[in-house]
Each structure stands twice: as structure tokens, then as C-alpha cells.
Amino acid sequence: WSCRSTISHSRHGKIMIYLEILIWLAIWTIVMALGEYSAHRWTMHRKRSWLPQWIFHDHAIEHHHLGRVDINIDLPIYFHLLVGSPLIIASYFISLPALLSLLVVFMYHSYTWTRLHRGIHDLEKNWVMKTNYYKRAKRHHELHHDRPGRNFGVVYLWTDTLFRTKIK
């Protein structure tokens, strides 16, 4: 009987860990979506005295105004690790599933942003471009370039609906 009980507890423990990972993935995905929107809208499109000048200049002037598609396209993982370091430290103290889920969301966002953005600006051909999501993201982003005060979502398009900045 005790062997059966141990197996049952073991199975229950694994299910609880998987459930915790799924919950943290959902939480960090929402945090990432809000972070993407906020950074794009309020730091890349607005001069901020407390931020380095190049953040606004490279994005709003070079990339948008001058149409430079070779600048401010990629979003490397080291950027997520640097900017997200307070979340990394906090999640380390919460639990291993919280930390691992955050790192997975960072990797997903870095990879997806870069592939989408490179495809949209014709810098590379990649598998993401074959998806239906890419078609929606491309249209969404092209409208952003037409009207830079709208459509700030790149990976998470739903944030513009939430904040009422989606071009209809």
C-alpha cells in the first residue's frame, strides 16, 4: 500500500509542477506583452531625459522617419536579460518554475520579435513568414509605420486593442 501511495504522491507532484509552469508561462506572457507595448510606445517613440538619447533616435528617427530597415530591427536576448534582470532575480526567489518560465518567455519574445520584424522589413525569409499570424502582424506593423502613434504591438497585437491604439 505504501508503494502505491508513493507513486500517487509522485504523480501528483509532477502534475503540480507542470501546472505551476503553465501558470507562470501565462503570467510572464502577459507581463511581456505589457512590457513590449510600454517600451515601444513610451520609450522608443518618446524622448525621455532619463534614457540614453540613442533609444529614441535609433527607433523614431532612423528606423521610422528615415526608413532605415537595417537599424533597430533585432531584439537580442541579452536585452531581455538586462532589462528583465529585476524579474529574473525576483523569480529566482519565487521558484524554479517561475524562473524557467520567465526565461522561456524572454527567449520566445526575442526570437519572434526578430523573425517577424526582419520578415516585415524584407531583411530575410524565414519560416514565420509562412504563418497566418505573420500576415496579420505585417499589416499591423505596416500601419504602425504609416501612423507611428498607433499599433505598438509587434509580437502581441492584442495590446493595441486593450489600450485603444489599434488602427481600425
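**His-140**

I began with His-140 and found this residue in helix α6, which covers residues 132-146, in what I note at the outset is a predicted model.

I then looked up how much of His-140 is accessible, and because its relative accessible area is 3%, under the cut-off of 20%, I entered this residue as buried.

Next I turned to the side chain of His-140, and I noted a polar contact at 2.8 Å with the side chain of Asp-160. When I set aside the neighbours within four places in sequence, I listed Asn-151, Phe-152, Gly-153, Leu-157, Asp-160 and Lys-166 as the residues in contact with His-140; Asp-160 thus appears both in this list and as the polar partner.

**The whole protein**

I went on to the secondary structure and counted seven helices and zero strands, so that I could write the order from the N terminus as α-α-α-α-α-α-α.

For the overall dimensions, I recorded a C-alpha trace that spans about 75 × 40 × 30 Å along its principal axes, and a radius of gyration of 19 Å, where a compact globule of 168 residues would have one near 15 Å.

I also checked burial across the chain, and buried residues come to 38% of the 168 residues. Among contacts with a separation of 6 or more, I found that 54% are between residues 24 or more positions apart.

**Surface and charge**

Last, I looked up the accessible surface, which is about 10,600 Å², with 66% of it belonging to carbon and sulfur atoms. I closed with the charged side chains, 21 positive and 11 negative, and noted that the centres of the two sets lie 9 Å apart.

Technical notes: Residues numbered from 1 in each chain as written. Predicted model: local features only at pLDDT ≥ 70, side-chain atom pairs only at ≥ 80, totals over all residues. Heavy atoms only, no water. Helix = DSSP H or I, 4+ residues; strand = E, 2+ residues; numbered from the N terminus. Rg over C-alpha atoms; globule rule 2.2 N^0.38 Å. Buried < 20%, exposed > 50% of the residue type's maximum accessible area, 1.4 Å probe, protein only. Contact = heavy atoms within 4.5 Å. Areas by Shrake-Rupley, 256 points an atom, 1.4 Å probe, with all protein chains shown as cover. Lys, Arg positive; Asp, Glu negative; His and termini not counted. Charge placed at Lys NZ, Arg CZ, Asp CG, Glu CD. Polar contact = N/O pair within 3.5 Å; in protein donor to acceptor, adjacent residues only side chain to side chain.
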